[in-house]
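Me: I've got a model open and want to check some of the labels on it. Can you go through the reasoning with me?

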Amino acid sequence: MFLVTSNPNKVKEFSQILRLELAQVNLDLDEIQAIEVEKVVRHKAKQAYDLIKRPLLVEDTGLYIEEWHNFPGALIKWVGETIGYERICQMIGKNRRAKAETAVGFYDGRTYQCFTGKVIGKIANQPMGKTNFGWDNVFIPDGYCQTFAQMGVEKNKISMRRIALERLQDFLKSYH
């Protein structure tokens, strides 16, 4: 199966969680601008399938900051690249609650399925830890004192991506 992404770390994480070898396909897709990760994934899946005509997976993850009325959501990459994650930490007031959400889309040209996973937590006071994924250094899941970036591979056991991928795995068991 193909995973459409430009991030080799994502392929590694998907493969580890799914215990399935995935082929990376790096496509230059037009990513719609939306807060909801499900909308972005649906668009990516259909666009990618039109290009490669093979069953595939696409993914998008968002960070929904409660104080900001769930902004930036799926736009977090762009917000992080423009103002930076340190500035995001500084701009948040007292309510630091946040939700990390991943949507994984499967599409084979006929069947489209979307699988989501959510983790509730908070935004750190400042970025902590090295990360291969943009905002992992500012998100602390409930019940933990470390950001995702500080957790290393421990993150894979509790992440929103893992939850979504486990739901995908259940679907793939019954998929013909």
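Me: What makes helix 1 and helix 7 oblique to each other?
Reply: Keep in mind that this is a predicted model. The axes of helix 1 (residues 8–18) and helix 7 come within 10 Å and cross at roughly 55 degrees. Under 35 degrees would count as roughly parallel, and 65 to 115 as roughly perpendicular. The angle fits neither, so helix 1 and helix 7 are oblique. As for handedness, the crossing of helix 1 and helix 7 is right-handed.

Me: Which residues of helix 1 and helix 7 meet?
Reply: From helix 1 you have Lys-10, Glu-13, Phe-14, Ile-17 and Leu-18, and they meet Arg-161, Arg-162, Leu-165, Leu-168 and Gln-169 of helix 7. Sorted by class, that contact has five nonpolar, one polar and four charged residues.

Me: What is the volume of the largest pocket, and what lines that pocket?
Reply: The volume is about 680 Å³. The lining has 27 residues, with Lys-10, Glu-31, Lys-44, Asp-60 and Lys-77 the closest to the pocket's centre. Strand 3 (56–65), helix 3 (76–83) and helix 7 (160–174) each give two or more residues to the lining. By class, the lining comes out as 10 nonpolar, seven polar and 10 charged residues.

Me: Which peptide bond is cis, and what is its omega?
Reply: The one from Phe-71 to Pro-72, with omega near 10 degrees. Pro-72 sits in strand 4 (residues 71–73). For context, most peptide bonds are trans.

Me: And what makes the phi of His-69 worth a look?
Reply: Phi of His-69 is near 55 degrees, a positive value, and this residue is not a glycine. Most residues other than glycine have a negative phi. You'll find His-69 in the loop between strand 3 and strand 4.

Terms used
Residues numbered from 1 in each chain as written. Predicted model: local features only at pLDDT ≥ 70, side-chain atom pairs only at ≥ 80, totals over all residues. Heavy atoms only, no water. 1 Å grid on protein atoms, 1.4 Å probe; cavity = no way out; pocket = protein on both sides within 12 Å on 5 of 7 lines; lining within 4 Å. Points joined across faces, edges and corners; volume = space filled by probe spheres on them. Helix = DSSP H or I, 4+ residues; strand = E, 2+ residues; numbered from the N terminus. Nonpolar A, V, L, I, M, F, W, Y, C, P; charged D, E, K, R; others polar. Axes fitted to C-alpha atoms, helices over the stretch in contact; angles between N-to-C directions. Parallel < 35°, antiparallel > 145°, perpendicular 65-115°, else oblique. Left-handed = near helix turned anticlockwise from the far one by under 90°. Contact = heavy atoms within 4.5 Å.
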